[in-house]
Amino acid sequence: MEAQTSTSLLNAVKARAIELWGEEDWFKELVKEYVRLENQQSGEAKPASYMNRRNQIQRALDTGGCRLDTALLLVAAVGHKLQMVKVVTEVIDF
């Protein structure tokens with residue numbers, strides 16, 4: 001099992017994007033869908049643009065890290081949902 005890291009999540013998004021849109025168009029289409037979803041969520045706020053989000057998403061993929069809201073939108077952009085579970089470990093003293 002692959003370690004659960006932001007890099008592994010972003011690699012999974014990239015792999016799914018390549019499946020959906022092909023090796024040549026995946027990045028362009030991923031950014032377009034990301035911007036569409038972000039603008040849909042923001043309503044009346046200043047709309048996101050392809051140009052500034054392109055750089056943001058490229059940086060996230062290059063560094064293997066991003067903010068949680070960015071990760072959630074990237075996952076949604078490839079048609080998936082992210083399920084998060086909180087696990088509480090109880091420590092017992094003997």
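Helices (H or I, at least four residues) and strands (E, at least two) are DSSP runs, numbered from the N terminus. The views below come from a predicted model, in which local features need pLDDT of at least 70 and side-chain atom pairs count only at pLDDT 80 or more, while totals for chains, interfaces and linings use all residues. Residues are numbered from 1 along each chain as its sequence is written, and side-chain values use heavy atoms, with hydrogens and water left out.

**View 1. Leucine 82 and a nonpolar surface patch.** Let us start in the segment after H3, where leucine 82 lies. With 36% relative accessibility, this leucine counts as partly exposed (buried means under 20% relative accessible area, exposed over 50%, partly exposed in between; 1.4 Å probe, protein chains only). Leu82 joins Leu68, Leu72 and Met84 in a nonpolar surface patch of about 370 Å². Patches are made of residues with over 30% relative accessible area and no salt bridge, where like charges are joined within 9 Å and nonpolar side chains (Val, Leu, Ile, Met, Phe, Trp, Tyr) within 5 Å. Accessible areas come from the Shrake-Rupley method with a 1.4 Å probe, and for residues only the protein chains shown count as cover.

**View 2. The largest nonpolar core.** Here 18 residues come together, and Val13, Leu30, Ile57 and Leu74 have the most contacts inside this core. Helix H1 (6–42), helix H2 (50–63) and helix H3 (68–77) each supply at least two of its residues, and H1 gives the most, with ten. A nonpolar core is a set of buried Ala, Val, Leu, Ile, Met, Phe, Trp, Tyr and Cys residues joined through side-chain atoms within 4.5 Å. Take a look at valine 13: beyond residues up to four places away in sequence, Val13 touches Leu30, Leu74, Val75 and Val78 (contact means heavy atoms within 4.5 Å).

**View 3. Arginine 53 in helix H2.** Arginine 53 has its place in helix H2 and, at 19% relative accessibility, counts as buried. Leaving aside neighbours within four places in sequence, its contacts are Val31, Tyr34, Val35, Glu38 and Ala48. For a sense of scale, the C-alpha atoms of arginine 53 and glutamine 83 are separated by 24 Å, with these positions 30 residues apart along the chain.

**View 4. Salt bridges.** The structure holds seven salt bridges, each a side-chain nitrogen of Lys or Arg within 4 Å of a carboxyl oxygen of Asp or Glu. One of them pairs arginine 36 with glutamate 33, with 2.6 Å between the closest N and O atoms. These partners are separated by about one helical turn because they are three residues apart in helix H1. Arginine 36 is partly exposed, at 41% relative accessibility. In another pair, the side chains of lysine 28 and glutamate 29 meet at 3.9 Å, N to O, and lysine 28 is partly exposed at 37%. Aspartate 69 and arginine 67 are also bridged, their closest N and O atoms being 2.6 Å apart. Shared partners link Asp25, Lys28, Glu29 and Lys32 into one network of salt bridges.

**View 5. Serine 42 in helix H1.** Serine 42 is found in helix H1 and is partly exposed, with a relative accessible area of 29%. A polar atom of the serine 42 side chain lies 3.2 Å from the backbone oxygen of asparagine 39.

Notes
A polar contact is a pair of N or O atoms within 3.5 Å; within protein, one must be able to donate a hydrogen and the other to accept it, and residues adjacent in sequence count only if both atoms are side-chain atoms.
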